[in-house]
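Here is a short tour of one protein model, from its overall fold to its interior. Please keep the structure open beside you as you read.

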Amino acid sequence: MTSPTDWRECRVDLPAAHNWLVLDLRGDDPETWALALAEQHLGDETDERLRTAFAEDLLWYWGAAVRQGALCAAVLAPRDDAIVASCTVRELRVPPESLSLAAFRAEAERAEGPYFGGVRGVSEVELPLGPALRIHRQEPTAPEADRGVIVEGVAHYILPTRHATALECRLLWTSLGLGEELTKVADQLADSVRLA
């Protein structure tokens, strides 16, 4: 199995009509990077506390992407506003015998949670990189609590036809009113994934 460090480049075409901020996963000074990007995104006239808070959000998403071993990652933040969605592409550590859409579907069917009933939102799609299992789901961040944040997302589990590996291209968001639009964006992102 190829390790993520063996890829020279993972490319995702971010839709031009949105305001995407690409996360610098290879930088050695994430705090300085986040502060500079926050100032660029919000403008230097913005209150310093707001810029610092936005930089902290960027660092949280950056840290999550690094911990997942993401090949590439970006966040969607409307101009001069907060982050509304995050996108990551990562290589999955899957045994060769489990590199099939049927195996991915079986795993999804075993997954627990209130939003997996009957494996709704699961379909097989063909992407330029290869066949994929597409899963659209919602789940609470604190399932045991009476209230809390619901995370919605679309993940594509891709089996590249030219590589013996699996990739996950995932877009997550918490603004459920944007679900219809962001579902389309998730499909565009997955359709654009390329490996070099």
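Which residues does leucine 171 touch, not counting residues up to four places away in sequence? Leucine 171 touches Trp20, Ala85, Ser86, Cys87, Glu152, Gly153, Val154, Leu182, Val185, Ala186 and Leu189, where contact means heavy atoms within 4.5 Å.

A word on the ground rules: this is a predicted model, in which local features need pLDDT of at least 70 and side-chain atom pairs count only at pLDDT 80 or more, while totals for chains, interfaces and linings use all residues. Residues are numbered from 1 along each chain as its sequence is written, and side-chain values use heavy atoms, with hydrogens and water left out.

**Overall fold**

The protein has four helices and nine strands, taken from DSSP runs (helices H or I, at least four residues; strands E, at least two) numbered from the N terminus. Starting at that end, the order is β-β-α-α-β-β-α-β-β-β-β-α-β. Of the 196 residues, 44% are buried, that is, under 20% relative accessible area with a 1.4 Å probe, protein chains only. Among contacts with a separation of 6 or more, 59% join residues 24 or more positions apart.

**The cores**

In soluble globular proteins, nonpolar side chains tend to be buried together. A nonpolar core here is a set of buried Ala, Val, Leu, Ile, Met, Phe, Trp, Tyr and Cys residues joined through side-chain atoms within 4.5 Å. The largest one holds 27 residues, and Trp20, Leu171, Leu189 and Val193 touch the most other members. At least two residues each come from β3, β4, β7, β8 and α4, with α4 giving the largest share, five residues. A second, separate core has 18 residues, including Ala34, Ala65, Ala73 and Ile83.

**The cavity**

A cavity is a set of points on a 1 Å grid over the protein atoms alone where a 1.4 Å probe fits but cannot get out; its lining residues have an atom within 4 Å of a point. The volume is the space filled by probe spheres set on the points, which are joined across faces, edges and corners. There is one cavity of 30 Å³ or more, and the largest cavity encloses about 60 Å³. Its lining consists of Ile135, Arg137, Gly153, Val154, Ala155, Tyr157, Arg170 and Leu172. Three elements give two or more residues to this lining:

| Strand | Residue range |
|---|---|
| β6 | residues 130-140 |
| β7 | residues 150-158 |
| β8 | residues 166-173 |

β7 contributes the most, four residues.

Notes
On a 1 Å grid over the protein atoms alone, a cavity is a set of points where a 1.4 Å probe fits but cannot get out, and a pocket is an open set with protein on both sides within 12 Å along at least five of seven lines; lining residues have an atom within 4 Å of a point. Buried means under 20% relative accessible area, exposed over 50%, partly exposed in between (1.4 Å probe, protein chains only).
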